[in-house]
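This report looks at a ligand shell, a helix beside it in the discussion, and a nonpolar core. The structure is shown first.

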Amino acid sequence: MVDVQTSDAVRTKSASLAPLLSVQNLEAWYGESHILHGVDFDVKAGEVVTLLGRNGAGKTTTLKAVMGIIGKRSGSVRFEEREIIRTSSDRIARMGIAFCPEERGIFASLDVRENLLLPPAVRNGGLSLDQIFELFPNLRERLASQGTKLSGGEQQMLAIGRILRTGARFLMLDEPTEGLAPVIIQQIGHTIKRLKNEGFTILLVEQNFRFAATVADRYYIVEHGRIIDGFANAELQSNMDKLHTYLGV
Ligand SMILES: Nc1ncnc2c1ncn2[C@@H]1O[C@H](COP(=O)(O)OP(=O)(O)OP(=O)(O)O)[C@@H](O)[C@H]1O
Ligand SMILES: [Mg+2]
């Protein structure tokens, strides 16, 4: 009896250890430009994984290739153990993957409420507007402000809040702290930790590894369209010299 329960528990545990996202030999092109040359990494459910790398290394392209918003891609992208390399970006979104782009994509002519309501819900369980305002109180105060009137920090909060409404549980955030004041960066950090605690899985692109170190479970280094190294947050200190070399900082 006890044995059966134990083996069931072991089975459940090992099933839950399968990566939520598994990327293998991913190649991607913009037109004739071959940008990704066999990217390999995975993200387990509940993790915050950060892609680090120099400008032009292929970090954004990797997120776009996972999302299916790139001219051509090949290799394997498995989400919840299903192959999505030939799946349209629409359907990928409906499977519960959300992408928050570097340029944030806030519509200038729409106000905060309209921007929040814009992306369609893809699944049940998305955050309500009240839950989003609880995460980002500034947004409630700016509800009727047009996109153009928002600060960079408010735009970033709106861009993250907007994808939380959709019900996606796997979030890809491209440089969410870029150009923001330290106090706002701290708030974004708190939000990422809170989302992780609530069971979201997050793939983050960051140039700012001091920020990344406050939220990430693991890192991968992207260089010339490949993953050249990876390590856990606990190994960060012992990898600092290498990291400085990789990032040129
Ligand atoms: N739309 C595009 N068409 C053609 N080439 C592109 C396009 N977007 C990016 N590239 C090229 O692809 C390569 C990888 O770019 P990518 O934006 O993925 O880099 P990144 O690691 O995100 O850099 P950054 O840190 O500057 O955001 C670069 O050489 C870039 O010039
Ligand atoms: Mg980029």
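## Helix α2, ligand 1 and the core

α2 is followed by G68, whose phi is positive, near 80 degrees; helices (H or I, at least four residues) and strands (E, at least two) are DSSP runs, numbered from the N terminus. This is a predicted model, in which local features need pLDDT of at least 70 and side-chain atom pairs count only at pLDDT 80 or more, while totals for chains, interfaces and linings use all residues. Residues are numbered from 1 along each chain as its sequence is written, and chains are lettered from A and ligands numbered from 1 in the order in which they are written.

Helix α2 spans residues 59-67, and eight of its nine residues are buried (20 or more other C-beta atoms within 10 Å of the residue's own, with C-beta atoms placed from the backbone). Among these buried residues are K59, T60 and T61, which also belong to the shell around ligand 1 (C-beta atom within 6 Å of the ligand). That shell further includes Y30, S33, I35, N55 and Q207.

| Element | Contribution |
|---|---|
| α2 | three residues of the shell around ligand 1 |
| α7 | six residues of the largest nonpolar core |

The shell divides into three nonpolar, eight polar and one charged residue, where Ala, Val, Leu, Ile, Met, Phe, Trp, Tyr, Cys and Pro count as nonpolar, Asp, Glu, Lys and Arg as charged, and the others, Gly among them, as polar.

The largest nonpolar core (buried Ala, Val, Leu, Ile, Met, Phe, Trp, Tyr and Cys residues joined through C-beta atoms within 7 Å) has 63 residues, of which A98, C100, L171 and M172 touch the most other members. Helix α7 (residues 152-165) gives the most to this core.

Conventions
A residue is buried if 20 or more other C-beta atoms lie within 10 Å of its own, exposed if 12 or fewer, and partly exposed in between; C-beta atoms are placed from the backbone.
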